[in-house]
Amino acid sequence: MCTFGLIALVSPAKLHLFRAGPTNRAIAQGLGSVLRLTDDLTLSPPVFLAPMAGITDLPFRDLVSRFGAGLVVSEMVASQEMVQAKPGTRERAELGFGHADTAVQLAGRDPYWIGEAARMVEANGAKMIDINMGCPAKKVVGGLSGSALLRDLPLALSLIEAVTAAVSIPVTLKTRLGWDDSLLNAPELARQAEAAGIRMITIHGRTRCQFYKGRADWAAIRAVSESVDIPVIANGDIASPRDARRAMQLSGADGVMVGRAAGGRPWLIAQIAADLFGTRAPTPPTGRALVEMVLEHYEASLAFYGDDLGKRVIRKHLGWYMDDARTAPDMRRAVLSEPDPARVMALIPDALSPEHEAA
Ligand SMILES: Cc1cc2nc3c(=O)[nH]c(=O)nc-3n(C[C@H](O)[C@H](O)[C@H](O)COP(=O)(O)O)c2cc1C
């Protein structure tokens with residue numbers, strides 16, 4: 001099932017669907033909803049699903065794509081581990097059927113391995129590669145990848161160059177405002193990245209040392225928007241169309257990327273896009289339609305990972321679906337503690353029904 005290499009071959013290219021005009025920023029802020037990354041690749045609408053390890057796997061990306069998203073990004077894939085086929089790594093880069101609007105995100109600290117991984121991802125049929133220079137986790141930073149690269153721009157640049165030299169598909173970058181308040185060097189990194197061929201940059205409006213504390217500073221992203229001509233995407237704490245509008249205004253960015261708030265609400269990206277860019281508004285499912293969607297997500301997870309891992313991975317999504325449905329605590333506990341997938345599926349209709357809402 002997780003046949004890296006086979007699945008992607010049948011992804012139809014959903015490119016060239018929109019006409020793009022002269023400059024990205026003018027289009028995104030004025031005429032409409034198209035970002036041109038290269039002559040061959042446009043993204044529309046510029047409202048994207050953020051990469052989230054353990055969350056944005058193929059079943060979830062697929063669901064979000066079906067509601068509508070200009071781009072969905074895979075979980076971060078460690079380059080060397082992927083090339084060496086370490087268990088679990090290649091599944092993260094799976095593209096699935098029918099969705100060309102997926103970027104595979106690579107993390108790495110060695111130009112050789114990240115270049116090899118990029119070649120592999122392109123050969124598998126990906127249309128875009130994103131490089132992770134934002135992950136704050138100690139394990140990643142300790143290995144000198146993720147946001148640690150903000151403290152070593154020459155290494156960051158050599159990784160970017162290794163990827164852009166290895167592939168002909170567009171390469172993008174995701175990072176933070178800087179390492180800490182005394183090193184807010186995202187604009188410098190963005191300028192160097194643009195010169196090295198990066199086609200779009202996403203900025204999470206926090207520093208590495210903030211991890212996820214405080215609020216994302218959308219206004220601080222403006223320094224990056226004003227430093228480069230490539231599209232800039234604002235990220236961090238965007239949970240509604242109102243937030244997205246404000247983030248775009250304050251940051252001067254060309255689009256937004258939404259992470260945590262999409263958990264349990266796979267339609268949120270499409271809702272934001274409809275509000276900001278006038279694309280087709282999704283109908284958030286309720287009642288029977290919601291139950292069917294959640295059951296389908298559950299089954300997709302079991303099919304993708306196998307029952308044992310699948311039932312564990314999907315549990316956090318079930319928790320978010322139940323948060324959104326305001327499921328009563330006892331019912332919630334029953335669903336989340338049930339080990340048998342068939343019994344979980346039998347409980348889902350009740351758990352998501354209004355009678356089991358918390359008082
Ligand atoms: C559980 C989790 C996993 C994440 N994994 C990744 C990742 O693999 N790559 C990455 O660039 N960012 C990762 N992020 C950061 C998100 O992409 C995003 O930048 C951050 O959550 C802020 O956006 P949000 O407030 O919309 O969630 C992760 C965040 C969370 C919460």
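Is alanine 85 buried or exposed? Alanine 85 is exposed, because 10 other C-beta atoms lie within 10 Å, and an exposed residue is one with 12 or fewer. We return to this residue in a later view; please keep in mind throughout that the model is predicted.

**Figure 1. The whole chain, to get our bearings.**
Let us start with the overall picture of this predicted model. The protein holds 15 helices and 10 strands. Of its 359 residues, 49% are buried. Among contacts with a separation of 6 or more, 67% link residues 24 or more positions apart. The average pLDDT is 88, and 87% of the residues score at least 70. For the complex, the predictor reports an ipTM of 1.00 together with a pTM of 0.90.

**Figure 2. The start of the chain, a stretch to read with care.**
Over residues 1-31 the pLDDT stays under 50. The model nevertheless has 58 contacts beyond four places in sequence for residues 1-31. Where pLDDT is low, the predicted coordinates should not be read in detail.

**Figure 3. Strand E5 between its two partners.**
Strand E5 spans residues 102-107, and six of its six residues are buried. One side carries Thr102, Val104 and Leu106, while Ala103, Gln105 and Ala107 sit on the other, and both faces are covered. Strand E4 (residues 71-78) pairs with E5 in the parallel sense through five bridges. Strand E6 (residues 128-133) also runs parallel to E5, joined by four bridges. Alanine 103 is a good residue to centre on: valine 73 stands opposite alanine 103, and alanine 103 in turn stands opposite methionine 128 in E6.

**Figure 4. Strand E10, with E3 and E9 as neighbours in the pairing.**
Strand E10 covers residues 255-258, with Gly255 and Met257 pointing one way and Val256 and Val258 the other. These four residues are all buried. Strand E3 (residues 47-49) runs parallel to E10 and is joined to E10 by three bridges. Within that pairing, leucine 49 has valine 258 as its bridge partner. Strand E9 (residues 232-235) is likewise parallel to E10, again with three bridges. Here alanine 234 stands opposite valine 256.

**Figure 5. The shell around the ligand.**
Which residues come nearest to the ligand? They are Ala50, Met52, Met76, Gly259 and Arg260, out of 22 residues around the ligand. By residue class, the shell divides into 10 nonpolar, eight polar and four charged. For orientation from the earlier views, Met76 falls within the range of strand E4, residues 71-78.

**Figure 6. Where the two domains touch.**
The domain assignment places domain 1 at residues 7-277 and domain 2 at residues 287-356. Nine residues from domain 1 and 10 residues from domain 2 take part in the contact. On the domain 1 side, the touching residues are four nonpolar, two polar and three charged.

**Figure 7. Glycine 287 and a partner far along the chain.**
Glycine 287 belongs to helix H12, which runs over residues 287-305. Glycine 287 counts as exposed because it has 11 C-beta neighbours inside 10 Å, and the limit for that class is 12 or fewer. Proline 354 lies 67 residues away in sequence, yet the C-alpha atoms of glycine 287 and proline 354 are 8.2 Å apart in space.

**Figure 8. A cis peptide bond before strand E3.**
Serine 44 and proline 45 are joined by a cis peptide bond, with omega about -5°. Proline 45 sits in the loop between strand E2 (41-43) and E3. Most residues other than glycine have a negative phi, and most peptide bonds are trans.

**Figure 9. Two loop residues with positive phi.**
Alanine 85 has a phi near 60°, a positive value in a residue other than glycine. Its place is the loop between helix H3 (79-83) and helix H4 (89-92). Aspartate 237 is not a glycine either, and its phi is positive at about 60°. This aspartate 237 lies in the loop between E9 and helix H10 (241-251). How do the surroundings compare? Alanine 85 is exposed, with 10 other C-beta atoms within 10 Å, whereas aspartate 237 is buried, because 20 other C-beta atoms lie within 10 Å and burial asks for 20 or more.

Key. Residues are numbered from 1 along each chain as its sequence is written. This is a predicted model: local features need pLDDT of at least 70, side-chain atom pairs count only at pLDDT 80 or more; totals for chains, interfaces and linings use all residues. Domain bounds come from an automatic or database domain assignment. Two residues are in contact if their C-beta atoms, placed from the backbone, lie within 7 Å. Ala, Val, Leu, Ile, Met, Phe, Trp, Tyr, Cys and Pro count as nonpolar, Asp, Glu, Lys and Arg as charged, and the others, Gly among them, as polar. A residue is near a molecule or strand if its C-beta atom, placed from the backbone, lies within 6 Å of it. pLDDT is the predictor's confidence in each residue, from 0 to 100. Two strands pair if DSSP finds at least two bridges between them.
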